[in-house]
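Biologist: Before I use any labels for this one, I'd like to hear the reasoning behind them. Can you walk me through it?

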Amino acid sequence: MNEALKEIPQRILNLAIGALAQANTHAVYSDPGNEHWEHICVLNTAHAGELFLKAIIAREHPLLIFKDVFGLDDNSGSLLDIETLVRRGRTHDFERLPQILWATTGTRVPNQKCFEQIRQARNSIQHFCAPEQLDFRMLSLEFIYTIIDPLIADAFDLCAIEYHEDHSVSYDYVVGALLRSELKFTVPGDFTVAEIDMSKELEGASSMYRSWVRQQMKRVGRIDLIS
């Protein structure tokens, strides 16, 4: 195999992280003038999910993300290179990636219902118009933190909360949105927040979710954040 092809998983991963940063930002932040983020967050979330799945699959072999490897042969006799892949390659569609992931790695995509919901919402927004009576921000956060987050934590040791586009603060407001939504998330070992009061964000949370948060804060030595 051409050595350059071994760079493909990391290239895809870098793009996926950028899409995740946009998805987190557009799902959490809202200001006058950026109302369109409510819909854009779905597109960025689905894009991030697609790229992360492809990055995980490509680690097994870069060509596994392509539909037709026979069509990649240009009869030149030389080793397959990235330029040929860009010109001739067609990767698997988003909706097929869960099956490809399972077949190549044995890993099932968690929360299949949410995966299908984001796929349908993405297609509607991208090709026609936004569905009515659907909380796109909540759907995006659910997809990120029940599907993307556990997958990338296991595959790449990444925490989804650490990727967003508000560089003036840490992931505080992302965490605040997750606490209010009672969504579990991968907690990094150096976890800390300064801009939000976690106890206040948890005021309406169920006892089960509060218990989970307490366990996580105890694990990382930051029980003081909810005391």
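Modeller: Sure, and keep in mind that this is a predicted model. Let's start with helix packing: where H2 crosses H4, the crossing is left-handed.

Biologist: What makes H2 roughly parallel to H4?

Modeller: The two pack with their axes 10 Å apart, at an angle of about 25°. Angles under 35 degrees count as roughly parallel, so H2 is roughly parallel to H4.

Biologist: And what about H2 and H6, how do they lie relative to each other?

Modeller: Helix H2 covers residues 37-60 and helix H6 residues 136-156; their axes come within 10 Å and cross at roughly 20°. That angle makes H2 roughly parallel to H6, because the cut-off is under 35 degrees. H2 also passes H6 in a left-handed crossing.

Biologist: Which classes of residue make up the contact of H2 with H6?

Modeller: There are 16 nonpolar, 4 polar and 3 charged residues in that contact.

Biologist: Then why is H2 called oblique to H5?

Modeller: Their axes come within 9 Å and cross at roughly 125°. Roughly perpendicular is 65 to 115 degrees, and roughly antiparallel needs over 145. An angle of roughly 125° fits neither, so H2 is oblique to H5. As for handedness, H2 and H5 make a left-handed crossing.

Biologist: Let's step back to the whole chain. What is the make-up in helices and strands?

Modeller: The protein chain has 9 helices and 0 strands. Read from the N terminus, the order of elements is α-α-α-α-α-α-α-α-α.

Biologist: How do you know that the chain is as compact as a globular protein of that length?

Modeller: By the radius of gyration, which is 19 Å; the globule rule gives 17 Å for 227 residues, and the two are close, so the chain earns the description. Along the principal axes, the C-alpha atoms fill a box of roughly 65 × 40 × 30 Å. Of the 227 residues, 45% are buried.

Biologist: On to the cysteines. How many disulfides does the structure hold?

Modeller: The count is 0.

Biologist: Why is Cys 41 not bonded to Cys 114?

Modeller: A disulfide is a covalent bond between the sulfur atoms of two cysteines. To be counted here, the sulfur atoms have to be within 2.5 Å. The closest cysteine sulfur to that of Cys 41 is in Cys 114, 12 Å away, so the pair is too far apart for a bond. From the other side, Cys 114 is in no disulfide, and its nearest cysteine sulfur is that of Cys 41.

Biologist: Are those cysteines buried or exposed?

Modeller: Buried means under 20% relative accessible area. Cys 41 is at 0% and therefore counts as buried. Cys 114 is also at 0%, so Cys 114 counts as buried too.

Biologist: Now the loops. What makes Asn 111 stand out in its backbone?

Modeller: Asn 111 has a positive phi of about 55° although it is not a glycine. Most residues other than glycine have a negative phi. Asn 111 sits in the loop between helix H4 (97-105) and helix H5 (112-127).

Biologist: Why is Asn 111 called partly exposed?

Modeller: Its relative accessible area is 27%. Buried needs under 20% and exposed needs over 50%, so at 27% Asn 111 is partly exposed.

Biologist: And what makes Asp 157 exposed?

Modeller: Asp 157 is at 69% relative accessibility. The cut-off for exposed is over 50%, so Asp 157 counts as exposed. Asp 157 lies in the loop between H6 and H7, and has a positive phi of about 60° without being a glycine.

Biologist: How do you know that Leu 183 is buried?

Modeller: With a relative accessible area of 8%, Leu 183 falls under the 20% limit, so it is buried. Leu 183 belongs to the loop between helix H7 (172-181) and helix H8 (198-201).

Biologist: Last one: why is Leu 202 called buried?

Modeller: The relative accessible area of Leu 202 is 4%, so it meets the under 20% limit as well. Leu 202 is in the loop between H8 and helix H9 (207-219). Its C-alpha atom is separated by 6.1 Å from that of Leu 179, which is 23 residues apart from it along the chain.

Technical notes:
Residues are numbered from 1 along each chain as its sequence is written. This is a predicted model: local features need pLDDT of at least 70, side-chain atom pairs count only at pLDDT 80 or more; totals for chains, interfaces and linings use all residues. Side-chain values use heavy atoms; hydrogens and water are left out. Axes are lines fitted to C-alpha atoms, for helices over the stretch in contact, and angles run from 0 to 180 degrees between N-to-C directions. Helices (H or I, at least four residues) and strands (E, at least two) are DSSP runs, numbered from the N terminus. A crossing is left-handed if the near helix is turned anticlockwise from the far one by less than a right angle, and right-handed if clockwise. Ala, Val, Leu, Ile, Met, Phe, Trp, Tyr, Cys and Pro count as nonpolar, Asp, Glu, Lys and Arg as charged, and the others, Gly among them, as polar. Buried means under 20% relative accessible area, exposed over 50%, partly exposed in between (1.4 Å probe, protein chains only). The radius of gyration is taken over C-alpha atoms; the globule rule is 2.2 Å times the number of residues to the power 0.38.
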